[in-house]
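Grab a pencil and have a look at the model below. Each exercise comes with a worked solution, so try it yourself before reading on.

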Amino acid sequence: MSSTLKPNRASDIIQRAYRVNLDHPIRNYSAPVTGAIPVAKQKYVPSSGTYPRGFLATGIHVGVKPTNTQFPDLALLASEIPCSGAAVFTKNKFQAAPVTVSRQVLDHRFGEGIRAIVINSGCANAVTGKGGLNDASAMGHTVDACFDSSQRSASGSSSTLVMSTGVIGQRLPISKILSAIPTAHSSLAATHTNWLLAARAICTTDTFPKLLSHQFTLPSSPGITYSIAGMTKGAGMIHPNMATLLGMLFTDAPIPAKVLKPLLTHVVDRSFNAISVDGDTSTNDTLAFLANGAAGGEPLTSLDSADGKAITKVVTSFTQQLSQLVVRDGEGATKFVHVRVINAASFPDARRIASSIARSPLVKTALYGKDANWGRILCAIGYTDGISPGAVVPEKTSVSFVPTDESESLQLLVKGEPEAVDEVRAAQILENEDLEILVDLGGGEREEGREEASYWFCDFSHEYVTINGDYRT
């Protein structure tokens with residue numbers, strides 16, 4: 001699959017989509033209508049990457065949303081050879097058509113023989129009935145038709161996963177999308193610019209494309225350098241049960257589907273399942289992972305092996321970094337907050353308590369107002385549902401603000417006793433964009449707890465209301 005998109009042309013598209021337009025006023029935290037990346041967010045956009053062998057990417061303009069007249073809104077990512085695939089999906093009862101179709105593709109193929117992922121932004125294709133299912137299926141089969149006929153499935157089962165994001169309850173302009181897919185296929189390439197085009201094409205209210213890549217080795221093949229790349233989109237409706245809006249991971253390491261799925265399930269609970277912007281779970285949430293083995297080496301047989309433990313550590317760290325970009329781009333967000341719960345009776349207890357704090361509107365608004373109102377944090381801990389008896393003992397609980405500049409922590413509560421808070425020091429800490437909230441449960445009732453969990457979230461601002469008040473327009 002060679003590229004017909006000239007490098008300078010692709011660069012022009014990226015620059016046009018993200019130029020800084022000084023002639024038009026822009027909001028401080030939301031995506032400008034000009035497509036410019038806010039200055040504070042430009043540091044999160046990579047200027048280069050190390051992408052896995054055998055994977056190609058592109059993003060092109062279709063005009064899914066009538067108001068989009070120039071920016072990429074159809075992404076295609078494909079492997080030159082068949083892949084293993086796995087995915088986790090939303091638990092929202094109103095599951096979008098592409099969620100249903102992609103799940104069926106993976107089930108029919110038992111996670112093997114996957115070739116591509118096609119994604120459109122601008123329309124979620126959710127709550128669209130049988131017509132929406134037909135549209136999603138047509139997108140996958142149209143991509144399949146672009147591959148050499150000798151590489152297609154004899155069973156007729158699609159080898160393409162489908163994703164959509166945007167407004168719920170509207171049908172896709174499917175004719176426009178289907179006619180554009182061959183153009184997207186012909187422009188596939190392995191360049192950084194093409195990967196960035198794909199990351200840009202899946203954005204909606206995002207202020208910047210979220211793309212990462214990383215290289216690693218495995219104990220059994222120290223001479224082979226493997227690569228992993230990932231992209232995600234999302235700035236609102238972020239508090240997932242199985243994934244977060246849309247995310248895609250790709251690696252050239254040899255990981256069969258039977259190992260890939262448990263690997264993804266493990267890492268998602270420590271990354272994409274540990275972030276929150278506003279407490280809403282989308283109808284379209286999907287995180288997919290493709291592995292084509294193009295770099296060579298022995299196939300991974302177990303997560304308990306040396307290779308399995310190594311790759312679990314790599315992918316966990318990578319997905320944490322990728323998912324945190326969603327929080328940093330939270331709609332209207334001014335704060336990036338890491339809440340860490342330590343000395344808990346169990347990991348599920350620690351995670352539920354961290355989640356409760358991250359979802360609290362009162363905690364989030366206090367942080368936006370730079371108010372060290374630690375009582376709201378205790379309140380969120382105290383009403384956490386589903387934790388084990390004795391998991392929280394007020395007399396053993398401590399809470400601190402931990403600055404990210406490694407300066408001294410500010411203790412707010414120590415073993416149930418309130419501290420005299422230095423309001424000047426608290427104000428200094430809350431002036432920063434990044435903050436850690438440390439909750440020490442003291443081992444719980446039995447004093448035996450040593451488990452911990454993290455959650456990453458952002459604050460609630462006036463801007464969040466503004467963005468979501470006019471989202472459909």
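**Exercise 1: a sheet and its edge**

Leu-413 stands opposite Pro-418, a residue of E13. Before going on, note that this is a predicted model, where local features need pLDDT of at least 70, side-chain atom pairs count only at pLDDT 80 or more, and totals for chains, interfaces and linings use all residues. Residues are numbered from 1 along each chain as its sequence is written, and side-chain values use heavy atoms, with hydrogens and water left out.

Task: find which strands are the edge strands of the open sheet.

Solution. Start with the order: seven strands run E8-E15-E10-E14-E11-E12-E13 in an open sheet with mixed pairing. The edge strands are E8 (275–276) and E13 (417–418), each pairing on one side only. (Strands are DSSP runs of E, at least two residues, and helices are runs of H or I, at least four, numbered from the N terminus; two strands pair if DSSP finds at least two bridges between them.) Now check E13: strand E12 (residues 410–414) pairs with E13 in the antiparallel sense over two bridges.

**Exercise 2: helix H2**

Task: work out what covers the buried residues of H2.

Solution. First, get the helix: H2 covers residues 97–109, 13 in number, and spans 19 Å from first C-alpha to last, close to the expected 18 Å. (That expected span is 1.5 Å times one less than the number of residues.) Next, list its buried residues, meaning under 20% relative accessible area, with exposed over 50% and partly exposed in between, using a 1.4 Å probe and protein chains only. They are Ala-97, Pro-98, Val-99, Val-101, Ser-102, Val-105, Leu-106 and Arg-109. Finally, the cover includes strands E2 (74–89), E3 (112–123), E4 (160–167) and E9 (286–291), along with helix H3 (129–144). Right after H2 comes Phe-110, with a positive phi near 55°.

**Exercise 3: Thr-319**

Task: decide whether Thr-319 is buried or exposed, and find what it is in contact with.

Solution. Locate Thr-319 in helix H7 (residues 306–328). Its relative accessibility is 0%, so Thr-319 counts as buried. Then look around: beyond neighbours within four places in sequence, Thr-319 is in contact (heavy atoms within 4.5 Å) with Leu-249, Val-267, Ser-271 and Phe-272. Its side chain also reaches the backbone oxygen of Thr-316, at 3.1 Å.

**Exercise 4: charges over rings**

Task: which ring has the charged end of Arg-270 over it?

Solution. Use the rule: NZ of Lys or CZ of Arg within 6 Å of the ring centre and within 35 degrees of the ring normal. Arg-270 sits over Phe-347, 4.8 Å from the ring centre. Likewise, Lys-364 lies over the face of Phe-460 at 4.9 Å.

Methods: Polar contact = N/O pair within 3.5 Å; in protein donor to acceptor, adjacent residues only side chain to side chain.
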